Amino acid sequence: MQVTTGSQPVSCWSVSFLFILNPSTPANVVMVVAIPSQEDRGDVGIIGAGLVGSLAACVLAQQGRTIDVYEYRGDIRTAGDAPLRSINLTIAARGLAALERVGLKEAVLAKSTPIYARMIHKMDGTLQELPYGNANQCIYSISRVLMNQVLLDAAERHPNVTLHFHHKLQEYHHTDTRAIFRKPDGTTLTREFAVAVGTDGSYSKTRQSFLKSNEFNYEQEYIDSLYLELVMPTTPEGHSKMAVNYLHVWPRGDFMLMGLPNLDKSWTMTLFGPRSVYESFRTEKDVMSTFEKYFKDAIPLIGKEKIIESCVKATGYPMVTVKCSPHVLESTVLLGDAAHAMVPFYGEGMNCGFGDCLVLDNLINEQGSLDAALPLYSAARAEDTRAMCDLAKNNYEVLRDRCNSPTFQVRKGLDNVLHKLVPSVWVPLYSSIRFENKLSYKECWKNKQWQDEVIDTVLKGIVLFLVLQLFRLC
């Protein structure tokens with residue numbers, strides 16, 4: 001049997017109908033309202049099977065919920081569906097804590113390379129090592145594809161998780177937690193969920209639904225820099241061409257080149273710079289003159305042919321910051337870049353998204369259910385992630401320019417010395433964000449401001465003392 005609504009036939013086997021007799025309509029007219037059948041309703045729907053969506057599936061599956069994950073791309077575990085570009089990731093304390101919660105910490109570390117310091121490549125070709133913290137403190141470099149593969153495998157091992165690839169979100173309505181997907185065969189699928197989780201990235205379509213609410217605040221900012229990836233291959237013998245346990249940085253003021261190691265001993269190199277740099281890359285000569293002037297020691301490492309192939313007429317890719325609040329409306333929660341996209345200069349974007357999952361899991365454990373946790377989530381997370389977005393943007397100046405400054409290097413050394421002497425009192429900003437999970441991002445920033453005031457006062461005291469001594473000598 002079929003019933004026609006408008007011009008489209010609808011099967012009664014997939015849709016229930018409520019027949020309403022309306023006294024204001026003619027006697028021979030019956031109003032028909034379509035109600036989604038039980039099979040069109042879900043428990044928890046996660047929109048986006050990237051890093052945060054896959055981890056959220058693991059976290060909520062452990063809480064006993066039934067999870068459906070929808071992803072517009074294909075399965076990246078299949079070679080043909082791997083993403084074409086990605087800034088390499090660094091895993092730090094907050095991300096590791098979330099991975100440990102779902103039993104994946106060791107599996108991820110096994111595919112990662114520890115990074116203990118920055119290696120600064122100066123204009124004259126000399127190198128300078130700048131440790132992140134104490135000798136045993138490090139972050140870990142991993143490719144986005146490898147990380148996502150580990151998380152998808154873990155999610156799929158849960159019997160209460162189902163992954164749906166090539167399902168592109170067409171519409172989302174947070175008021176009734178209803179999503180409409182386009183399936184691989186071109187047909188559409190409508191689902192309603194008890195709870196929906198938007199993990200569909202910086203340009204989140206889930207978040208677009210929130211924009212219709214007068215309770216929702218949103219801001220977006222593109223920085224005046226683009227990025228482009230290059231690959232530094234291994235030696236013919238399969239060895240790394242640079243010292244492995246470092247983040248290699250070529251800081252050049254308005255722009256920089258950066259390298260992170262891969263598990264196979266190759267390097268993912270990323271060029272960050274203003275649009276004008278990319279606009280100047282019209283010919284092979286343009287590209288090579290820039291590299292000869294600013295990144296001369298990188299040319300034999302990457303290879304002239306690869307540099308030209310990657311850079312000639314390249315446009316670069318934009319980087320955006322997104323801040324919004326609240327992160328929850330009705331029964332929909334935004335996690336990861338959908339809630340707080342940040343530029344990559346602190347390496348904390350993935351860790352912050354994983355932290356979202358950890359905070360939500362903690363609230364569920366405290367409140368007893370996901371439904372009870374959701375109303376508290378925004379208050380616990382929105383302002384904190386806003387602070388991290390600002391910190392990430394500010395760190396671009398550090399990487400591209402200030403890490404070359406003697407003042408910065410002295411302050412970094414002083415921070416590390418004080419941390420060794422009084423570790424419970426003096427924790428440098430970078431260490432408090434990347435090596436610890438004790439303070440919120442907002443508290444880390446306040447702690448840095450307090451430290452700046454202390455150092456300012458001490459330096460002023462030293463200057464005053466020296467001036468008084470000079471007067472006495474005179």
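In this predicted model, helix 13 (residues 406–421) comes out at the length it ought to have: at 1.5 Å a residue, its 16 residues should span 22 Å, and the end C-alpha atoms sit 23 Å apart, which agrees.

Helix 13 also has two distinct sides. Its buried residues are Phe-408, Gln-409, Arg-411, Lys-412, Asp-415, Asn-416 and His-419. Because these cover an arc of only 165° around the axis, they end up on the same side of helix 13. The background here is simple helix geometry: an α-helix makes a turn every 3.6 residues, so residues three or four places apart point the same way. Flip to the other side of helix 13 and the exposed residues turn up, namely Pro-406, Thr-407, Val-410, Lys-420 and Leu-421.

What do the buried residues of helix 13 pack against? Their partners include two strands, strand 9 (117–121) and strand 10 (127–131). The rest of the contacts come from helix 12 (370–400), helix 14 (429–434) and helix 15 (441–473).

Elsewhere in the model there is a sheet to look at. Three strands make up this open sheet, lined up in the order 7-11-8 with antiparallel pairing. Strand 7 (89–91) and strand 8 (113–115) are the edge strands, each pairing on one side only. Going from one strand to the next, the twist averages 40°.

Zooming in on one of the pairings, strand 7 and strand 11 (residues 139–142) run antiparallel and are joined by 3 bridges. Within this part of the sheet, Leu-89 stands opposite Ile-142 of strand 11.

Conventions
Residues are numbered from 1 along each chain as its sequence is written. This is a predicted model: local features need pLDDT of at least 70, side-chain atom pairs count only at pLDDT 80 or more; totals for chains, interfaces and linings use all residues. Side-chain values use heavy atoms; hydrogens and water are left out. Two strands pair if DSSP finds at least two bridges between them. Helices (H or I, at least four residues) and strands (E, at least two) are DSSP runs, numbered from the N terminus. Axes are lines fitted to C-alpha atoms, for helices over the stretch in contact, and angles run from 0 to 180 degrees between N-to-C directions. The expected span of a helix is 1.5 Å times one less than its number of residues. Buried means under 20% relative accessible area, exposed over 50%, partly exposed in between (1.4 Å probe, protein chains only). The arc is that of the directions from the helix axis to the C-beta atoms. Contact means heavy atoms within 4.5 Å.
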